[in-house]
Amino acid sequence: MRGIIGLGNPGFKYQLTRHNIGFLILDRFAEKHNLQFKPSKYDFYYSEGTLGPSDFFLIKPTTFMNLSGIAVLNAMEHFNSNISELLIIYDDLYTQFPQIRIRNKGGDGGHNGIKSIIYHLNTNEFARIKMGIGQQSPINNLSNFVLDNFSEVELKKLDESFPLLMELIEHFIIGGYQKSLNHFSKKSKELKKELNNQKDYREGTS
């Protein structure tokens, strides 16, 4: 059973912070598929659904970020899921906002939630979608930056990214990491071609 885990911090004051991008994406996915989150006996909220032939579960840990691995491990045991069936969604300070990265393994990149998951699962080989929150200008205080709310401009750009993010999650649920990666590669090529066409048009009319 495939599981999608969005990382974030529980509580209203963290709701729209950059560090809670995993929660925001899962909330949008649940809304799209008419799902509701409910509390569990573990340290996470969860929801279950079916997409095509595949059953899946969504998880939002309530452990706070640096103990996310505990919730992920409990969810795997509760839903009898293995590592290859997991997709972790989280913010990446070292990728420019609002770029998206998809990987099937890697280090923690300084992210405490991923660090905790690697520790408790004893592996770094799990699929992940990283949503960039980085900026072109230097960031003076990293801790304050990730715990600050998204600006209105950023929220608008984030909203434009949601359709692709929803598709990536759906492809993962139906066909796993490779199907999601193939879709991402296809969309990236289409976007690059569109941007090149726009550039050629502007140069042709200048």
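Which residues of helix α3 (residues 112-121) are buried? They are G113, I114, S116, I117, I118 and L121. Buried means under 20% relative accessible area, exposed means over 50%, and partly exposed lies in between, with a 1.4 Å probe and protein chains only.

## Basis of the description

This is a predicted model, in which local features need pLDDT of at least 70 and side-chain atom pairs count only at pLDDT 80 or more, while totals for chains, interfaces and linings use all residues. Residues are numbered from 1 along each chain as its sequence is written, and side-chain values use heavy atoms, with hydrogens and water left out.

## Overall build

The protein chain holds six helices and seven strands. Helices (H or I, at least four residues) and strands (E, at least two) are DSSP runs, numbered from the N terminus. Starting from that end, the order of elements is β-α-β-β-β-α-β-β-α-β-α-α-α. The radius of gyration of the protein chain is 17 Å, close to the 17 Å that the globule rule gives for 206 residues, so the chain is as compact as a globular protein of that length. The radius is taken over C-alpha atoms, and the rule is 2.2 Å times the number of residues to the power 0.38. Along its principal axes, the C-alpha trace spans about 65 × 45 × 30 Å.

Of the 206 residues, 46% count as buried. Among contacts (heavy atoms within 4.5 Å) with a separation of 6 or more, 67% come from residues 24 or more positions apart. The chain exposes about 11,100 Å², and carbon and sulfur atoms supply 47% of this area. Accessible areas come from the Shrake-Rupley method with a 1.4 Å probe; for residues, only the protein chains shown count as cover. The mean positions of the 24 positive and 22 negative charges are 4 Å apart. Here Lys and Arg count as positive and Asp and Glu as negative, while His and the chain ends are not counted. A charge is placed at NZ of Lys, CZ of Arg, CG of Asp or CD of Glu.

## Nonpolar cores

A nonpolar core is a set of buried Ala, Val, Leu, Ile, Met, Phe, Trp, Tyr and Cys residues joined through side-chain atoms within 4.5 Å. The largest one has 35 residues, of which I4, L58 and I169 touch the most other members. At least two residues of this core come from each of α1 (21-32), β4 (54-61), β5, β6 (100-103), β7 (127-134), α4 (142-146), α5 (152-175) and α6 (177-205). Helix α5 gives the most, with eight residues.

Leaving out residues up to four places away in sequence, L58 touches I4, L26, F29, A30, L35, F37, Y45, Y46 and S47. Apart from the largest core lies another, of 20 residues, among them Y46, F79, Y90 and I114.

## Helix α3 and strand β5

The buried residues of α3 pack against α2 (68-78) and β5 (86-96). Strand β5 contains L93, which is buried, with a relative accessible area of 17%. Not counting neighbours within four places in sequence, L93 is in contact with I133, G134, I139, L142, F145 and V146. L93 and F150 are 57 residues apart in sequence, and their C-alpha atoms are 13 Å apart in space.

## Loops and backbone

H33 sits in the loop between α1 and β2 (38-39) and counts as partly exposed, at 24% relative accessibility. Beyond residues up to four places away in sequence, H33 touches L51 and E170. The C-alpha atoms of H33 and T50, 17 residues apart along the chain, are separated by 9.3 Å.

Most residues other than glycine have a negative phi, and most peptide bonds are trans. N80, in the loop between α2 and β5, is not a glycine but has a positive phi of about 55°. N80 is exposed, with a relative accessible area of 69%. N122 comes just after α3 and takes a positive phi of about 60°. The loop that holds N122 runs between α3 and β7, and N122 counts as exposed at 69% relative accessibility. A cis peptide bond, with omega about 0°, joins F97 and P98; P98 is in the loop between β5 and β6.
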